[in-house]
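User: I have a model open and would like to talk through its surface, its core and its charged pairs. Can you take my questions as they come?

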Amino acid sequence: MKSFKSILLLVVTNLLIFVSLSISFTILVNFILPIFGVDLRGSVSGADLLWALLIGFGGAFVSLLMSKHLARAGLQMQRIDAPQSAKEQLVYDSVAQLANRLGIRMPEVWVYWNDEPNAFATGPGRNHSMVAVSSGLVNLLGDNEVRAVLAHEMGHVYNGDMVSTTLLQGLMNTFVFWLSMLAARQFDDRPMVAFAVSIVLQIGLSFLALIPITWFSRRREFAADRFAAEQVGVAPMISALQKLQRGAEALHVVHDVVRDPMATAYISGSWRGWFATHPSLEARVAALRALQNGYSYQ
């Protein structure tokens, strides 16, 4: 039933987005632009918007549906069904207890062999997800810190972050394709020019579309940290983040749990930080300390 409701919600959301875009498109082309002397009536149609919507959301949701398969294909992973070691038991039990407490289906639990301390969650829905950890992570962290990181990943699962990010990605894709087609239509008599304009705009607009997408991603990381703090406590989450940073610096690596390559720019205020998918560790720890001290959380 929950799975059906999730699918229904996605369908309704996509329908509402399409209706909203269609109304906005009609008003823009038929009423607003002519006021400023720009008459595009007859040169573009709702069919363009529908095509852009199908491509934009279609690509985003195909990626989401394939996310678990792509993750397994890209890493040497082993699924934990019957834990064979104390560490595997810790990971499996932590995920199982959280899933039971949250009332969701137990995610697939995977481990992969890599010295980089890392963990991630993916999947098309909270009841069809997977959580994976690297051997480097479970060897670096203490038990409570491992539980905190797993709670962070379960926060992404429970809050539906994969789906909400996909919806945003689909919306941005729709605008990118639609605006590119709109511009290319002005060169219908020169097909090669129209093609070049479309490609250049798609690349440029896709780059700009990353700004709201990565901003949203950073908000979800703060939310997942808060979720983990609520489930296992603030101190283990702070300790895990600090230890992960030290471990990453020792290995000279940058990865999912700690930060992405733009996160340092994010905290320093550089424009490059606009494209960071993760806040810096400093920002995440500061937010957790604020929560610990009773202040408002980011």
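User: Which residues make up the nonpolar surface patch of about 690 Å²?
Analyst: In this predicted model, that patch is formed by Ile27, Leu28, Phe31, Ile32, Ile35, Phe36 and Val38.

User: Where does phenylalanine 36 sit, and is it buried or exposed?
Analyst: Phenylalanine 36 lies in the loop that runs between helix 1 (2-35) and helix 2 (46-74), and because its relative accessible area is 66%, which is over the 50% cut-off, it counts as exposed.

User: What does the record say about a "transmembrane region"?
Analyst: The UniProt annotation of that name, taken from an unreviewed entry, covers residues 7-37, 49-67, 162-181 and 193-216.

User: What is the chain doing over 49-67 and over 193-216?
Analyst: Residues 49-67 are 100% helix and 0% strand, with the end C-alpha atoms 27 Å apart, and residues 193-216 are likewise 100% helix and 0% strand, with their end C-alpha atoms 35 Å apart.

User: Zooming out, how many helices and strands are there, and in what order do the elements run?
Analyst: There are ten helices and four strands, and starting from the N terminus the order is α-α-β-α-β-β-β-α-α-α-α-α-α-α.

User: What about overall burial and exposed area?
Analyst: Of the 298 residues in the protein, 45% are buried, while the exposed area comes to about 15100 Å², with carbon and sulfur atoms supplying 63% of it. As for contacts between residues at least 6 apart in sequence, 65% of them join residues at least 24 apart.

User: Which residues touch the most other members of the largest nonpolar core?
Analyst: That core has 43 residues, and Val133, Leu137 and Met154 are the ones touching the most other members. Helix 5 (residues 143-158) gives the largest share of this core, namely seven residues.

User: Is there another core apart from that one, and what is in it?
Analyst: A separate core of seven residues lies apart from it, and its members include Ala71, Trp110, Tyr112 and Ala132.

User: Back to valine 133, what is it in contact with?
Analyst: If its neighbours within four places in sequence are set aside, valine 133 is in contact with Val91, Trp110, Val111, Tyr112, Asn118, Ala119, Val138 and Leu150.

User: Switching to charges, how many salt bridges are there?
Analyst: The structure holds seven salt bridges. In one of them, glutamate 108 and lysine 68 meet through their side chains at 3.1 Å, N to O; glutamate 108 belongs to strand 2 (residues 108-112) and lysine 68 to helix 2, so this pair links distant parts of the chain, 40 residues apart.

User: Are those two buried or exposed, and what network is lysine 68 in?
Analyst: Glutamate 108 and lysine 68 are both buried, and Lys68, Arg72 and Glu108 are linked in a network of salt bridges.

User: And how accessible are arginine 79 and aspartate 81?
Analyst: Arginine 79 is partly exposed at 38% relative accessibility, whereas aspartate 81 is exposed at 52%; the two form a salt bridge, with their closest N and O atoms 3.4 Å apart.

User: What does the pair of aspartate 143 and lysine 87 tie together?
Analyst: Their side chains meet in a salt bridge at 3.9 Å, N to O, and because aspartate 143 lies in helix 5 and lysine 87 in helix 3 (residues 86-102), the pair ties together parts that are 56 residues apart in sequence. Aspartate 143 is partly exposed, with a relative accessible area of 41%, and lysine 87 is also partly exposed, with 30%.

Key:
Residues are numbered from 1 along each chain as its sequence is written. This is a predicted model: local features need pLDDT of at least 70, side-chain atom pairs count only at pLDDT 80 or more; totals for chains, interfaces and linings use all residues. Side-chain values use heavy atoms; hydrogens and water are left out. Patches are made of residues with over 30% relative accessible area and no salt bridge: like charges are joined within 9 Å, nonpolar side chains (Val, Leu, Ile, Met, Phe, Trp, Tyr) within 5 Å. Accessible areas come from the Shrake-Rupley method with a 1.4 Å probe; for residues, only the protein chains shown count as cover. A salt bridge is a side-chain nitrogen of Lys or Arg within 4 Å of a carboxyl oxygen of Asp or Glu. Helices (H or I, at least four residues) and strands (E, at least two) are DSSP runs, numbered from the N terminus. Buried means under 20% relative accessible area, exposed over 50%, partly exposed in between (1.4 Å probe, protein chains only). Contact means heavy atoms within 4.5 Å. UniProt positions are given in the numbering used here, feature names are shortened, and annotations may be inferred rather than shown by experiment. A nonpolar core is a set of buried Ala, Val, Leu, Ile, Met, Phe, Trp, Tyr and Cys residues joined through side-chain atoms within 4.5 Å.
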